[in-house]
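Visitor: I have a structure to get through before lunch. Can you walk me through it?

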Amino acid sequence: MKRSIVFLALAAVAAGAGCERKDLGRTGLVNVGKHTWAMIASGPSSVEGLGANSGFVVGTDGVLVVDARYTPVLARELLDKIRAVTNAPILWVVNTHYHQDHTWGNSVFKEQGAVIVAHAETRDAFLKYSPIYLDFYRERGAEAFALLKDVRFVAPDTLFSDGATFDLGGVSVELRHFGRGHTAGDAVVVVPKDRVAFTGGLLSNGYHPNLGDPGADFDNWLKTLDRLRGMSVRRFVPGQGLVCGRDAIDGLKRYIKAVRGIGADAIGKRFPLEEVVRTIQVPGTEGWLQPNILPFNVQAVYRHEIPRIVNPDFALDLPDEFLILDGGGNPKLGYIRWGSQSKEKGYLEIEAQWKLSANAELIVQDIAEAVARYEQQGRRLMTIERTRRFDLPGGPAVGAMGTWKSMDMRSDPGKGRWSWIMLLRGGKLYVVQCATDAAGDDAKEKRNVAELERIAETFRLQK
Ligand SMILES: [Zn+2]
């Protein structure tokens, strides 16, 4: 009991430690400089805009808005706050990145005549992912979707690449892009005169950051955080959390390094992702908001780090929709599993395993033995419908196919079809396992298996 009280007290100190003035350490509208205001979200819930901050800079000629919040309702709230400060026209909106909690309020400012500025990668990702995310919320239920019913996608209409400067009259604003970090198109908005920087998702304070974007790059993110640290800036407005100083940058760097280190170590030891997600603890994050994102962050680390750590010596022509789900080991003994999930096809999975073996018998022996091992482990009940020997460009292979049914419905729900090929190449035995689950639609599952087999047969060794 005592321990948790100590942790909470530390967390409270840590959250406020970056702020230089006491009134900066609160949510709502915060005046962070002579010309600059931050709108700090009150919490991480949907109605609070998923914790995403925004803000604005006011010059004699007009206003520049940083991030448009999650919904038109929230964007209008920001517009009201701006109007309480100035009646100057809203000239620009900068989207620091494409995530919905920073862009789905764009339409409100577009109606005010604002030009919407972002990095080209932000525009591309906005157009690609916004409809997918909206579908996701629509399927998740009426309550989550009710907030979003009047969202109208307005993409950035003006792009920048490395940097840009805006003169608002008496105050200028600089846009900077330091390469991939939280996403592929992160923009940092600096108000040099006020020594304030809006960091978007590159920095969060007292929130678990989101490491899971497909465009994220951990190495460059860490470098960018060092660059932010070196800027002549007094106050940072993070993407989530209270206005802060450099302490928050150090805290986030520790977080990224810790999650990455734990993940990399576990991959090398062939710990399944599931197990790491269940046991991971990141020191120094007690009291941080949005802890539910930690499992996704571990998953993201697995996705990024597996190819580097297990360093496979083969290639498969996988379509883009297949993502790395799990894997571990090293070039001598290891595995990688990829999966894809769609409304049209259901679930498709492909896994490659490898181990040192010079035993040619293994490839010609009855594949039933390998199947039986699954049952002994109590994982899947597998029936074999067909076995075959065939030739691939690199040499002979043995294959089998059949149906599977889960024996542990909680961790591995479902049933469907599977197909394996086993090959002996360069002193190693490779097993490429395919499995699908199209909710009992056998014709669809057969089609899926045929597609997976075509992928499996693209297997080739790379020097
Ligand atoms: Zn984000």
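Guide: What follows is a short chat about the whole protein, its core and a few of its elements.

Guide: This is a predicted model, in which local features need pLDDT of at least 70 and side-chain atom pairs count only at pLDDT 80 or more, while totals for chains, interfaces and linings use all residues. Residues are numbered from 1 along each chain as its sequence is written.

Visitor: How many helices and strands are there in the protein?

Guide: The protein has 13 helices and 21 strands. These are DSSP runs, numbered from the N terminus: H or I of at least four residues for helices, E of at least two for strands.

Visitor: What does the C-alpha trace span along its principal axes?

Guide: About 80 × 50 × 45 Å.

Visitor: And how is the protein divided into domains?

Guide: Domain 1 covers 2–259 and domain 2 covers 311–461; the bounds come from an automatic or database domain assignment. Their centres, taken over C-alpha atoms, are separated by 43 Å.

Visitor: Which residues touch the most other members of the largest nonpolar core?

Guide: Leu-64, Val-65, Val-94, Val-189 and Val-243, out of 109 residues in that core. Such a core is a set of buried Ala, Val, Leu, Ile, Met, Phe, Trp, Tyr and Cys residues joined through C-beta atoms within 7 Å. Buried means 20 or more other C-beta atoms within 10 Å of the residue's own, exposed means 12 or fewer, and partly exposed is in between, with C-beta atoms placed from the backbone. Helix α8 (residues 246–268) gives the largest share of this core, eight residues.

Visitor: Why does the core lie between the domains?

Guide: Because domain 1 (2–259) and domain 2 (311–461) both give residues to it.

Visitor: Switching topic. Is strand β12 mostly covered or uncovered?

Guide: Mostly covered: six of the six residues in β12 (residues 235–240) are buried. Strand β11 (residues 196–204) runs parallel to β12, joined by five bridges; strands pair if DSSP finds at least two bridges between them. Within this pair, Gly-200 stands opposite Pro-238.

Visitor: What unit do β11 and β12 make with helix α7?

Guide: With α7 (residues 218–229) they make a right-handed β-α-β unit. Right-handed means that, with the strands pointing away from the viewer, the path from the first strand over the helix to the second runs clockwise.

Visitor: Asp-219 is in helix α7. Why does Asp-219 count as partly exposed?

Guide: Because Asp-219 has 13 C-beta neighbours inside 10 Å. Asp-219 also lies 9.6 Å from Lys-257, C-alpha to C-alpha, with their positions 38 residues apart in sequence counted as separation.
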